[in-house]
Amino acid sequence: PQVHDKICRSVRYSAGGDKIVVAGFDGKTSVWNREERNGKPYFTLGAVCEGHENEVKSAGLSSCGKYLASCGRDRCVWVYEEVSDGVYDCINVLQPHDKDVKHIEWHPNELMFITCSYDNTSCIFGFDGEDFAVLQILKAHEETVWAAAWHKNGSLIATCSQDRTVKLWSSSVSYSVANKPSNKWYVSNSFSGMMGRSNAYSNSNNVVGSEQQWHEVGDIPAN
């Protein structure tokens, strides 16, 4: 069936490969379930999530598959929980950015995700057992942050920007007054030379790169 009335902006598989998530400029996010028919993969509509006022720019499922997060031109981040098969309820509507939210990327193992925005920042969100909330706002780029990628073990984030730089973020553990540990992300490395808009990637060989060129990541210097 035709679900989207306007441009489909992004598409991605779930971590298990059994679902596809599509973000549309019609304000909808659709979830498609994989089936096998005559030995060939076939996708059927599983759910449609609505809520954004206009274009959805990016969407994806958590590694466990239980949560779906989407972001859009309305500057909002919507988080849905699958409460039963094919039924997604909104549990959070967050607005941490001042401009369009361009990209969203889930942590490979944990209930965390990162967003990228026209406001030159990225935001890291985490789950506290009941809700998702902003853990940290990453400020280092001078122009639009287009994309982000987590390293496969979640210990490193790469962000790329219109300012033609890629920032590598590492985390360190700090302790609050109540002696409660929390991770704080900081820029541990940066390189430039990117031409125009690019996307960030991470692969199994610890290589982070863009569409234009690749850079080997060595030892990350500590601050």
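Select residues 19–24 and 28–37, which are strand 2 and strand 3 of this predicted model. The two strands run antiparallel and are joined by five bridges. For one point of register, pick Val21: the residue standing opposite in strand 3 is Val31.

Next, widen the selection to the sheet around this pair. Four strands make up an open sheet, ordered 1-2-3-4, with antiparallel pairing. Strand 1 (8–13) and strand 4 (40–50) are the edge strands, and each of them pairs on one side only. Looking across the sheet, neighbouring strands are turned by 25° against each other on average, with direction ignored. If you display hydrogen bonds, keep the backbone in view, because strands of a sheet pair through backbone hydrogen bonds.

Now move to residues 101–106, strand 9. How many of its six residues are buried? Five are, and the strand is mostly covered. Add strand 10, residues 112–117. Strand 9 and strand 10 form a hairpin, with five residues between them. Their pairing is antiparallel and runs over five bridges. As a register check, Ile104 stands opposite Thr115 of strand 10.

Stay on strand 10 and show the side chain of Phe113, then that of Phe132 in strand 12 (residues 132–139). A search of the whole structure finds 11 aromatic pairs. In the pair of Phe113 and Phe132, the ring centres are 5.8 Å apart. Why is this pair called tilted? The planes stand at 45°, and tilted covers what is neither under 30 degrees (stacked) nor over 60 (edge-to-face). Because Phe113 lies in strand 10 and Phe132 in strand 12, the pair ties together parts that are 19 residues apart in sequence. Phe113 and Phe132 are both buried.

For a second pair, select Trp150 and Trp185. Their arrangement is edge-to-face, with 80° between the planes and 5.7 Å from centre to centre. Trp150 belongs to strand 13 (residues 145–150) and Trp185 to strand 16 (residues 181–192). This pair links distant parts of the chain, 35 residues apart. Are these two tryptophans, Trp150 and Trp185, buried or exposed? Both Trp150 and Trp185 are buried.

Finally, return to Phe113 and add Tyr67, Trp106, Phe125, Phe127 and Phe132 to the selection. Together with Phe113, these residues form one aromatic cluster. The tilted pair of Phe113 and Phe132 can be viewed here alongside the other members of the cluster, among them Tyr67 and Trp106.

Methods
Residues are numbered from 1 along each chain as its sequence is written. This is a predicted model: local features need pLDDT of at least 70, side-chain atom pairs count only at pLDDT 80 or more; totals for chains, interfaces and linings use all residues. Side-chain values use heavy atoms; hydrogens and water are left out. Rings of Phe, Tyr and Trp (its six-membered ring) pair if their centres lie within 6.5 Å; planes under 30 degrees apart count as stacked, over 60 as edge-to-face and the rest as tilted. Buried means under 20% relative accessible area, exposed over 50%, partly exposed in between (1.4 Å probe, protein chains only). Two strands pair if DSSP finds at least two bridges between them. Axes are lines fitted to C-alpha atoms, for helices over the stretch in contact, and angles run from 0 to 180 degrees between N-to-C directions.
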